[in-house]
Every structure is written in C-alpha cells, then in structure tokens.
Amino acid sequence: MSEFWLISAPGDKTNLQAWERMNTVTSKSNLSSNSKFHIPDLKVGTLDALVGLSDELGKLDSFAESVIKKIAQYIGEVMEDSKDKVQENLLANGVDLISYLTRFEWDMAKYPIKQPLKNISEALTKQVTQIETDLKARSAAYNNIKGNLQSLEKKTMGNLLTRTLADIVHKEDFVLNSEYLITLLVVVPKSSYLQWQKTYESLSDMVVPRSTKMIAEDAEGGLFTVTLFRKVMDDFKAKARENRFMVREFYYDEKELKCEKEELMKLASDKKQQYWQCWLWSCFTQRGDHSSVLVSQGPLLRWLKVNFSEAFVAWIHVKALRVFVESVLRYGLPVNFQAMLLQPNRKSVKRLRDVLNVVFKHLDEVAATSVTDPGMDIPGLQLSNQEYYPYVYFKIDLSLLD
C-alpha cells in the first residue's frame with residue numbers, strides 16, 4: 001500500500017496557476033502522482049459550527065482509521081491459509097483502494113449534500129460506530145471458537161501423559177463391565193520398557209499375567225495397558241509411581257469418547273466452514289499450469305469484506321469533510337478551493353514537500369517559513385498533533401493496512 005497527501009488551496013486564478021506549476025514540476029521530476037479530488041458544494045453553516053465540527057471530525061477520522069485497521073487485521077487472521085490473497089480482499093465499492101481514492105466521488109445517496117455538515121458527520125459517526133460494535137460481537141464469537149479449538153488441539157498434540165486418548169484407545173484394549181477386574185493405562189519412559197515388562201506383574205498382588213500391551217508411542221515413551229483386580233488398584237498405582245511408571249487417570253467410556261471426538265470435529269468444522277475460508281481449490285490445466293483459484297468464503301470473511309468497504313468509504317468521506325471545513329476556515333467565503341490527491345514517490349518525500357512549500361508559500365508566509373525553520377515560533381498559532389503547512393493538508397496512510 002501507499003501514503004497519500006490530500007491537500008487544498010484557493011481556487012482563484014493565481015492559485016490555479018500555482019496548481020499547474022506544481023503539477024508540472026512534480027510530474028517532470030517524478031516526485032508524485034497527482035489527481036484532482038472532487039468535493040461537492042456542501043452547506044457551510046456558521047463559523048462557530050465549523051470550528052466545533054473541525055475538532056469532532058479529527059476524532060472521527062482517528063476512530064474510523066482504527067476500525068479499518070482492526071477489520072484488515074481480522075481479514076489477515078481469517079485468511080491465514082492464503083496470506084497472499086489478503087490485499088485482493090481489501091476493496092472499497094468493489095475496486096482496489098488506490099483506484100477508489102484517485103477516482104473519488106461523493107456518495108450523494110448515503111450522505112445528501114443538502115443537509116447540514118453536522119448531520120453528515122453524525123451519520124458517518126453512527127455508521128462507523130455500528131460497524132465497530134458488530135465487529136466486537138463477531139470477533140468475540142470467532143475468538144471463542146478459535147480458543148476452544150486450540151485448547152482441544154493442544155490435547156491431541158501433547159505427550160502421552162496429557163493428550164486426549166480419544167483417537168488412540170479402542171474398546172478391545174480394555175476389560176469392561178467386570179465387577180472385579182479393571183484395565184489401567186500406564187505411561188512408561190522409553191528407557192524403561194524392559195524394566196516394565198520384567199516387573200509389572202509383581203508391582204502388586206492380583207495383576208493378570210501377560211496382560212500388558214503397548215497401544216501407542218511418542219518421542220518420550222509408550223502407553224501400555226495392564227489388567228488387575230480393582231481392590232489392588234491403589235497399591236499398584238503407588239508402586240508404579242515409585243518405579244517412574246505413570247498411571248493415567250483414564251477409564252474407558254464409549255459415550256464420553258464419542259462426545260469428545262464429535263466436539264473436536266464440530267469445532268474444526270465451525271472454524272473452517274463458518275468463520276474461516278471454507279475451501280481453497282486450485283485447478284490445473286493439462287499442461288500443469290496453475291489456471292485458477294476459487295475461494296469459497298465463510299460468513300465472517302464475507303462480513304469483514306463488506307464492512308471493510310463500508311468503513312473505508314466512510315473514512316474517505318470524513319477526510320473530504322475535513323478538507324472542506326478546513327478550507328473554508330482557512331481561505332474564507334465564498335467557498336472556492338481546489339482539492340488534490342498526491343501519491344508521493346517514497347524516495348522524494350522531502351523534495352516534494354519543499355516544492356509544495358515554495359509553490360504555496362504566498363498562502364501563509366509565516367507558516368511556510370516555519371516549515372523550513374522548525375525552531376521559529378509562530379505567534380498565535382496553536383499547533384497540535386496535526387502538521388501545519390501553508391496549504392490544507394491531511395495524510396491518508398494505507399500502509400497501516402499492509
């Protein structure tokens with residue numbers, strides 16, 4: 001992605017000539033790509049209303065940007081299996097973000113220009129706030145399923161002392177429904193296999209001879225069965241522990257194991273089908289060339305894509321409002337200014353700024369001087385986090401979506 005500068009200057013003949021001069025210089029020197037940014041004739045209202053609105057729009061700008069960033073991050077998480085496709089899903093009104101910016105058109109249907117600026121600002125605030133509220137609810141559900149699944153996955157990936165045994169044990173490994181006998185599972189270190197075979201029958205009375213069998217093995221050891229009388233079970237466990245043989249607290253329950261398997265399968269299905277991409281199919285031609293990739297998207301990804309677009313469109317309208325309000329406050333009435341979108345060449349940012357300051361220095365001699373001399377105080381000028389230049393300036397940083 002890229003950084004853009006949204007600027008404006010008065011639209012009188014002198015400044016239009018300045019625009020042309022700036023365009024010529026930046027184009028010839030490859031300092032930036034420039035395009036006009038069309039803002040409609042909005043209702044101005046009173047000066048006091050504009051001053052108050054300027055502060056509110058600054059907060060809304062930051063809020064909308066944060067929501068867009070959160071949605072983009074979630075899209076990246078949801079598409080973890082195909083990270084290279086993330087940018088393709090960050091669209092605004094069906095087109096890539098740069099195209100939307102450089103061909104910006106005010107949405108008259110959503111934000112009618114005949115209403116007061118305050119109303120437009122409130123509509124934008126309501127829209128972005130609702131998107132954030134919905135995002136919190138959906139992300140909470142997503143994180144809940146993801147957390148539960150990770151918890152169960154840890155059980156299947158741990159060692160034989162901690163992992164679930166639902167996918168390891170079978171009914172035939174156990175003596176079941178016996179009043180007197182019980183089958184235990186014992187984890188034996190690899191270095192102690194021989195010792196186990198020699199001693200397990202004598203660890204306690206009433207151990208069934210030749211009843212042990214290894215049913216699973218990992219890098220650390222093996223899982224063995226052993227059958228004995230129920231009444232010596234506690235004694236056997238104690239003697240086994242003394243010999244570094246660890247008895248798993250596990251009793252075969254077919255219904256419980258079935259439920260555990262079904263829960264794991266359901267969570268995996270929810271994650272894949274309901275929240276993450278369902279499937280990624282790659283089709284190949286007979287010559288083996290990659291011809292197409294079809295992505296079937298789950299509900300969360302579809303919602304994220306739609307609302308990323310809505311939030312991004314709202315954000316750029318906030319930027320347009322800020323340019324309009326600041327231009328009226330800076331240049332006065334009647335409303336007459338020209339807005340332009342610049343995409344700086346990354347290697348020429350400082351030089352581009354110098355060119356702009358020279359071209360538009362006449363708009364504010366003191367401010368223009370302060371840009372080249374940061375140590376200079378400007379009487380009466382209250383600087384905040386927003387950078388100040390002779391022309392109206394707002395940054396649109398798309399790199400935050402990378």
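**Close-up views of the predicted model**

**View A. Strand S1 sits between two partners.** Within strand S12, the bridge partner of Phe4 is Ile396. This is a predicted model, in which local features need pLDDT of at least 70, side-chain atom pairs count only at pLDDT 80 or more, and totals for chains, interfaces and linings use all residues. Residues are numbered from 1 along each chain as its sequence is written, and side-chain values use heavy atoms, with hydrogens and water left out. S1 and S12 pair in the antiparallel sense over six bridges (strands pair if DSSP finds at least two bridges between them). S1 also pairs with S11, again antiparallel and over six bridges. On that side, look for Trp5, whose bridge partner is Leu342, and for Ile7, which stands opposite Met340. Seven of the eight residues of S1 are buried, and S11 is likewise mostly covered, with seven of its eight residues buried (buried is under 20% relative accessible area, exposed over 50%, partly exposed in between, with a 1.4 Å probe and protein chains only).

**View B. Four strands make an open sheet.** The strand order is S2-S11-S1-S12, with antiparallel pairing (strands, E runs of at least two residues, and helices, H or I runs of at least four, come from DSSP and are numbered from the N terminus). S2 and S12 are the edge strands, each pairing on one side only. On average, neighbouring strands of this sheet are turned by 25° against each other, direction ignored. Helix H9 (residues 349-359) packs on the sheet and touches S1, S2, S11 and S12; its direction makes about 5° with that of S1 (axes are lines fitted to C-alpha atoms, for helices over the stretch in contact, and angles run from 0 to 180 degrees between N-to-C directions).

**View C. Ser33 shows how edge strand S2 meets S11.** Strand S2 (residues 32-36) pairs with S11 in the antiparallel sense over five bridges. One pair to find here is Lys36 with its bridge partner in S11, Met340. Ser33 has its place in S2. Is Ser33 buried or partly exposed? Ser33 has a relative accessible area of 48%, so it counts as partly exposed. Leaving aside neighbours within four places in sequence, Ser33 is in contact with Leu341, Leu342 and Gln343 (contact means heavy atoms within 4.5 Å). Ser33 and Leu341 are 308 residues apart in sequence, yet 8.2 Å apart in space, C-alpha to C-alpha.

**View D. Phe308 and Phe312 in the largest nonpolar core.** This core has 63 residues, and Phe308 and Phe312 have the most contacts inside it (a nonpolar core is a set of buried Ala, Val, Leu, Ile, Met, Phe, Trp, Tyr and Cys residues joined through side-chain atoms within 4.5 Å). Elements that give two or more residues to the core include H2 (47-78), H4 (117-157), H8 (299-331) and S11 (337-344). Which element gives the most? That is H8, with 18 residues. Not counting residues up to four places away in sequence, Phe308 touches Ile68, Ile71, Ala72, Ile75, Leu90, Leu91, Leu97 and Leu401. Apart from this core lies another, of 18 residues, including Ile182, Val186, Trp196 and Phe245.

**View E. Helices H2 and H8 cross.** The axes of H2 and H8 come within 8 Å and cross at roughly 155°. The two helices are therefore roughly antiparallel to each other (angles over 145 degrees count as such, under 35 as roughly parallel, 65 to 115 as roughly perpendicular and the rest as oblique). H2 passes H8 in a left-handed crossing (the near helix is turned anticlockwise from the far one by less than a right angle; clockwise would be right-handed).

**View F. A hairpin links S6 and S7.** Strand S6 (residues 213-217) and strand S7 (residues 221-229) run antiparallel and are joined by four bridges. Three residues form the hairpin connection from S6 to S7. Glu217 has Gly222 of S7 as its bridge partner.

**View G. The chain as a whole.** To place the close-ups, note that the secondary structure comes to ten helices and twelve strands. Buried residues make up 43% of the 402 residues in the chain. Among contacts with a separation of 6 or more, 78% are between residues 24 or more positions apart.
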